[in-house]
Amino acid sequence: MSATKTKVTALPGDGIGPEVMAATMRILEAANAPVEWEMAEGGAEVFKKGIITGVPRETLDSIARNGLALKSPLETPVGYGGKSANVTLRKHFELYANIRPVRELPGITTPYTGRGIDMVIVRENVEDVYAGIEHMQTTTVAQCLKLMTAPGCERIIRAAYELALAEERKKVTTATKANIMKLTEGLMKRVAEMVAPEFASLKSDHIIIDNCAHQLVIKPEAFDVIVTSNMNGDIISDLAAGLVGGLGIAPSSNLGDHAAMFEAVHGSAPDIAGKGLANPTALLSAAIMLLRHIGAFDVAATVEQALFITLAEGKNLTGDLSPRGHGVGTLAYTDKIIANLGRTSNQPSRSYKKLELKTWPKLTAHSEPNARELVGIDVFLETDLGAEELGKALEAIAQDSPFVLNGISNRGVQVYPPNEGQQTFLVDHFASRFMFKKPIPLSASKSEGQPEISYLVQRIGAKFTWMHIEKLQRFDGKDAFERPQGA
Ligand code: NAD
């Protein structure tokens, strides 16, 4: 064991996982990469032992110790109660930044070949609707909470800018749906606007996510770094991978404060597992990202160049990249890459510096409001009544209380007071908005208004089934909630 080697936890995973892991390790060893592997379990075999997270304690401890993992695909059990082992790892280590480079590769012909696509998608990895906070509201109405936080936005935005600097890129594009979700997606846009001036050497812009998808198809070479929220990133990173040859060759990294995990984007390919046919390019590319992450830039470039040459030659590629009947096995492809170590391809490797990320939480793009007021509540309730009848009943309930009924909405559209000619389909789930006749200033304890709210909710509960209550606040005189459509 050499003292200069970095220990990395290696998860060979499921299906083709062990095959692509073995190939990657052989290539790295042949290139004298300064890494030492600590093998660890995760995935199907672990689920079978009854560990419902899919990741045993020893594996978590190994990653925590080393702070680095290279991971093959892990199968998610279908039909019995296990969680995804991949999600377990991302959440356990708070791997908040999912980095997906998308670059045209030599020898892989696509409709975009020659356009010079070379971008990185930085996807927030732990928040948004993927927090998985879901509740049935009635038997027919499901709800998923989209949680986005100021620290969550700031760390991902900063990660995107730091990455742009480390990779000597020129522009960071924040892609959001801030035009519709003004508070959640809007938070990411506002944080980006506050952080951007600190990175004056980089260009910054904003794009609405649907137009981003459109532009990715029309003019993908115009993008450099795109940073976006979890679900948006999930979708556009797959779309972008498709432009340069598909998920089968796409690598990614998942970065957190104390751990970084590198993986192929594809799954365990059970249809070809154990047959020696798997393409190790994606895991190898993830390992190249890992080498750069630990500062082994020269070895990373050597391995990348050998991969580029092998792909460009086009003769010894696996079946998924070859004309039917012309593919070679994992072993022959791996041998070829090893034989090409030390050669330089026509496609240069980018220059990289070490990525410096801060440790969170450390909020700087945020200012606390001086004054908070409680101005009302939304009470979500279940009823089969029509809007008019419900409105009259709730107005009667609010009488002699500190509140007035402001309006009622159904799936975000105001239905009481009604808007003339509107054709809203009503489900049995309404949001009734009650405003305090006199807003209540909130002190540091933020506990004011509770007796008033209890009084109203008890009166509502005597007649209706309510599901949840949202407090309506104003920060420094500005509403900290949205109005329903049509209100
Ligand atoms: P998949 O990516 O495993 O397979 C889709 C198709 O692509 C198959 O035809 C497969 O043969 C081919 N393919 C994928 N990788 C290849 C490679 N390296 N070389 C050659 N061909 C390759 O997707 P799936 O079938 O939807 O998923 C299978 C399993 O993988 C599921 O259990 C799923 O939960 C898991 N999965 C894991 C991850 C992860 O660990 N990050 C990601 C996706 C899916």
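Okay, let's start right at the ligand: one of its oxygen atoms sits 2.9 Å from a polar backbone atom of leucine 74. Keep in mind as we go that this is a predicted model.

Leucine 74 isn't alone there. Threonine 76 has a backbone N or O atom 3.3 Å from an oxygen atom of the ligand, and for serine 268 that kind of backbone atom lies 3.0 Å from a ligand oxygen. As for cover, the ligand on its own has 820 Å² of accessible area, and the protein covers 64% of that.

So who else is around? There are 19 residues around the ligand, and the ones that come nearest are Leu74, Gly267, Ala269, Asp271 and Asn279. If you sort that shell by character, you get eight nonpolar residues, six polar ones and five charged ones.

Now let's leave the ligand and look at the surface. Tyr130, Met231 and Ile235 together make a nonpolar patch of about 260 Å². To find isoleucine 235 on your screen, go to helix H8, which runs over residues 230-243.

Last stop: lysine 336. You'll find it in helix H11, residues 330-339. Is lysine 336 buried, exposed or partly exposed? It's partly exposed, because its relative accessible area is 27%, and the partly exposed class runs between 20% and 50%. One more thing about this lysine: along the chain, lysine 336 and isoleucine 27 are 309 residues apart, yet their C-alpha atoms are separated by 9.8 Å.

That's my tour, thanks.

How values were computed. Residues numbered from 1 in each chain as written. Predicted model: local features only at pLDDT ≥ 70, side-chain atom pairs only at ≥ 80, totals over all residues. Heavy atoms only, no water. Patch = residues over 30% accessible without salt bridge, like charges linked within 9 Å, V, L, I, M, F, W, Y side chains within 5 Å. Areas by Shrake-Rupley, 256 points an atom, 1.4 Å probe, with all protein chains shown as cover. Salt bridge = Lys/Arg side-chain N within 4 Å of Asp/Glu carboxyl O. Helix = DSSP H or I, 4+ residues; strand = E, 2+ residues; numbered from the N terminus. Near = heavy atom within 4 Å. Polar contact = N/O pair within 3.5 Å; in protein donor to acceptor, adjacent residues only side chain to side chain. Nonpolar A, V, L, I, M, F, W, Y, C, P; charged D, E, K, R; others polar. Buried < 20%, exposed > 50% of the residue type's maximum accessible area, 1.4 Å probe, protein only.
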